[in-house]
Amino acid sequence: AAVGFLVIPKIFGGSSGDVPKELFYLKDDALYGVSLKNSKQEPVEYTDELGSGASRVLALTPQISKNGKYRFFIEDAEYDSNTGDVVYDLYYQKGKDDPERIESSVEGAYRLTDDNHVIYRKNGSLYISDLKDEEKIDSDVVDFYIDEDEKNILWCVNAGDEFGYDLYYRDLAMKKDEVKIESDARIEARNGDMSKILLNKDGSLYLVKNQEESEKVASDVASVYSVDLEKETFFYSTFVESTASAMDYVEDDLAASDAQITEPNRADYERQEPSYFGMTRTVVDDAYYDAMDAYEEKENRDWLRESLATQEIDNSYTELYYVAEGQETLVTDHLMDVISSATVNSSTREKNKDFGSYLLYTKVNPENVSVKFSQIESVGDVTSKVYESMSGEAETYVYAGGQEAAVDMDDISMIDRGIDVKNNRLYLLMVDTEKG
């Protein structure tokens, strides 16, 4: 039988000095608790009805209150393929008392605060419970977040918009009115106390401070990386649609000479010569045929010019920008892939106030393509050279602190990375792809 040990917040029961006294683990569909104070004590089975969706909710259950008096766990978990949520019954247990059900058909993750309040969703509605009474916060909620002091909540409401959600904020004590932060937006990042929230609204980024002030900080955003809200730095990419004609890549070195070539007039090449019986005959000079061949070749080249002019080449590209102190810097205009990034949070900042946003990425440096017209015979001769240049070999770089450095990753690939915040270092665990 499989055993699952859960390494999640509040899996350990707290006590004085924050010394854990109990550890939860899963075995089959049952939940057990084992004492960390008494090694001779047999494990306690809390429920054997976790349900078929239990493997999907390892981060949801179980939890122990900060004071160690309450255990929280689930039963009858099932996966809802329509919503992607796990649905379950949520229970709490005080000491050796019988478990009490907080709510049935809870959806997705629930949140337990240090003062033993539980925030959860049911049928799309968001609730807060003090284990005795519950209070509805809002309807049509798809996600929610609690600040680091567990005093306020931020939640997302599905209002039927195509891009994002309506975003609301209020105190968990429910003593103040809710604040609508934005409509039809997505949350890209937020700091621990939610005094700064980075929002994406239809491709534009806004920095919201103190749930009120909103400042536009970027436009035409495709993706956001490595946000440091304290320093207000981040990276973002933008996709630039661009087209050109194949002729734009051609140096027409025959244009001047072809302009001098006109269709020959046959009469200009005719002459009369004596014939039999005192008669004359019309003779066409061979130069006419040479001139006609040259003209037809020029006509073929004109047709090729027209084909090149009408042949559209997609030369769209992705730009990568770094934003710091309200100013954006173009890092590269040919971003290929982002390999590694890190969002800086408050705990990271405590270790090193200078550690900030970084990005490990690949880019290409396409060569400027210019083909002499005299050296091509078809449109394909041009397009193949253009696309070959655009899909050149990608090179790896790291960008941090406003500086870019190349990283040699020839014949190696990254399988993991680590951050040494204290010493401002990034460690990469690599594997030699040639040796396997």
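Start with the whole chain in view: among contacts between residues at least 6 apart in sequence, 44% join residues at least 24 apart. What you have open is a predicted model. Colour by secondary structure and you will find 4 helices and 34 strands. The chain has 436 residues, and 41% of them count as buried. Switch on the surface. About 25100 Å² is exposed, with carbon and sulfur atoms supplying 42% of that area.

**Stop 1: the largest nonpolar core**

Select Phe72, Tyr88, Leu90, Ile102, Tyr110 and Val118. These belong to the largest nonpolar core, a set of 16 residues, and they touch the most other members. Now show the strands around them. Strand S6 (70–79), strand S7 (86–94), strand S8 (100–112) and strand S9 (118–122) each give two or more residues to this core. A second core lies separate from this one; it has 15 residues, including Ala246, Tyr249, Leu304 and Val369. In soluble globular proteins, nonpolar side chains tend to be buried together.

**Stop 2: Ser104**

Stay with strand S8 and pick Ser104, which is placed there. Is Ser104 buried or exposed? Its relative accessibility is 18%, and buried means under 20%, so Ser104 counts as buried. Next, display what surrounds Ser104. Beyond its neighbours within four places in sequence, Ser104 is in contact with Tyr88, Asp89 and Lys122.

**Stop 3: helix H2**

Jump to residues 286–310, which form helix H2. How far apart are its end C-alpha atoms? They are 37 Å apart; 25 residues at 1.5 Å a residue should span 36 Å, so the two values agree. Then select the buried residues of H2: Tyr288, Met292, Tyr295, Lys298, Leu304, Arg305, Ser307 and Leu308. Leu304 also appears in the second core.

What do these buried residues pack against? Show the following elements in turn:

- strand S21 (243–245) and strand S22 (250–251)
- helix H1 (255–259)
- strand S24 (280–284)
- helix H4 (379–390)

**Stop 4: a four-stranded sheet**

Finish at an open sheet of 4 strands. Its order is S19-S20-S26-S27, and the pairing is antiparallel. Which strands form the edges? Select strand S19 (223–228) and strand S27 (327–332): each pairs on one side only. From one strand to the next, the twist averages 25°.

Zoom in on strand S26, residues 317–324. S26 runs antiparallel to S27, and 5 bridges join the two. For a last pick, take Tyr321 and look across to S27, where Leu330 stands opposite.

Methods. Residues are numbered from 1 along each chain as its sequence is written. This is a predicted model: local features need pLDDT of at least 70, side-chain atom pairs count only at pLDDT 80 or more; totals for chains, interfaces and linings use all residues. Side-chain values use heavy atoms; hydrogens and water are left out. Two strands pair if DSSP finds at least two bridges between them. Axes are lines fitted to C-alpha atoms, for helices over the stretch in contact, and angles run from 0 to 180 degrees between N-to-C directions. A nonpolar core is a set of buried Ala, Val, Leu, Ile, Met, Phe, Trp, Tyr and Cys residues joined through side-chain atoms within 4.5 Å. Buried means under 20% relative accessible area, exposed over 50%, partly exposed in between (1.4 Å probe, protein chains only). Contact means heavy atoms within 4.5 Å. Accessible areas come from the Shrake-Rupley method with a 1.4 Å probe; for residues, only the protein chains shown count as cover. The expected span of a helix is 1.5 Å times one less than its number of residues.
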